[in-house]
Amino acid sequence: MHIADGDALFNMLQQYSGSIGTAAMSVIIAIAGSPYQRQSKQVVMGSQAAFIVLFVFTLLIFACVLRLIKRDKQGLVKN
């Protein structure tokens with residue numbers, strides 16, 4: 001019973017975070033592309049900005065993982 005509830009909660013949170021991420025990326029694309037006149041240029045510039053934001057998040061997550069690995073090797077992470 002508890003496993004099914006946990007799966008349902010996990011699926012709900014996964015869908016909710018996916019929809020928030022999609023909305024956030026569409027806002028970034030719209031804002032970053034707004035100064036340009038042509039629609040194709042707006043989409044290209046907005047998509048580049050969204051890619052840069054996601055790349056920065058990826059680098060931050062990678063740095064956090066490396067830090068956790070280093071702390072684990074030093075025995076600072078408790079299981």
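**Notebook: burial, shape and a nonpolar patch**

I began with burial, and I found that 5% of the 79 residues of the protein count as buried. I note here that this is a predicted model, and I read each value below with that in mind.

Next I looked up the surface as a whole, and the accessible area of the protein comes to about 7000 Å², with 69% of it belonging to carbon and sulfur atoms.

I then turned to overall shape. The radius of gyration is 19 Å, whereas a compact globule of 79 residues would have a value near 12 Å. Along the principal axes, I find that the C-alpha atoms fill a box of roughly 55 × 40 × 10 Å.

For the secondary structure I counted two helices and zero strands. I followed helix α2, which has 35 residues and spans 51 Å from its first C-alpha to its last, close to the 51 Å expected at 1.5 Å a residue. Just after α2 I came to Gly75, which takes a positive phi of about 80°.

My last search was for nonpolar side chains on the surface, and I found a patch formed by Phe51, Ile52, Leu54, Phe55, Val56, Phe57, Leu59 and Leu60, which together have about 810 Å² of accessible area. I picked out Leu54, which lies in helix α2, the stretch of residues 39-73. Is Leu54 buried, partly exposed or exposed? Its relative accessible area is 43%, so I enter Leu54 as partly exposed, given that this class lies between the 20% limit for buried and the 50% limit for exposed.

Definitions and conventions:
Residues are numbered from 1 along each chain as its sequence is written. This is a predicted model: local features need pLDDT of at least 70, side-chain atom pairs count only at pLDDT 80 or more; totals for chains, interfaces and linings use all residues. Side-chain values use heavy atoms; hydrogens and water are left out. Patches are made of residues with over 30% relative accessible area and no salt bridge: like charges are joined within 9 Å, nonpolar side chains (Val, Leu, Ile, Met, Phe, Trp, Tyr) within 5 Å. Accessible areas come from the Shrake-Rupley method with a 1.4 Å probe; for residues, only the protein chains shown count as cover. A salt bridge is a side-chain nitrogen of Lys or Arg within 4 Å of a carboxyl oxygen of Asp or Glu. Helices (H or I, at least four residues) and strands (E, at least two) are DSSP runs, numbered from the N terminus. Buried means under 20% relative accessible area, exposed over 50%, partly exposed in between (1.4 Å probe, protein chains only). The radius of gyration is taken over C-alpha atoms; the globule rule is 2.2 Å times the number of residues to the power 0.38. The expected span of a helix is 1.5 Å times one less than its number of residues.
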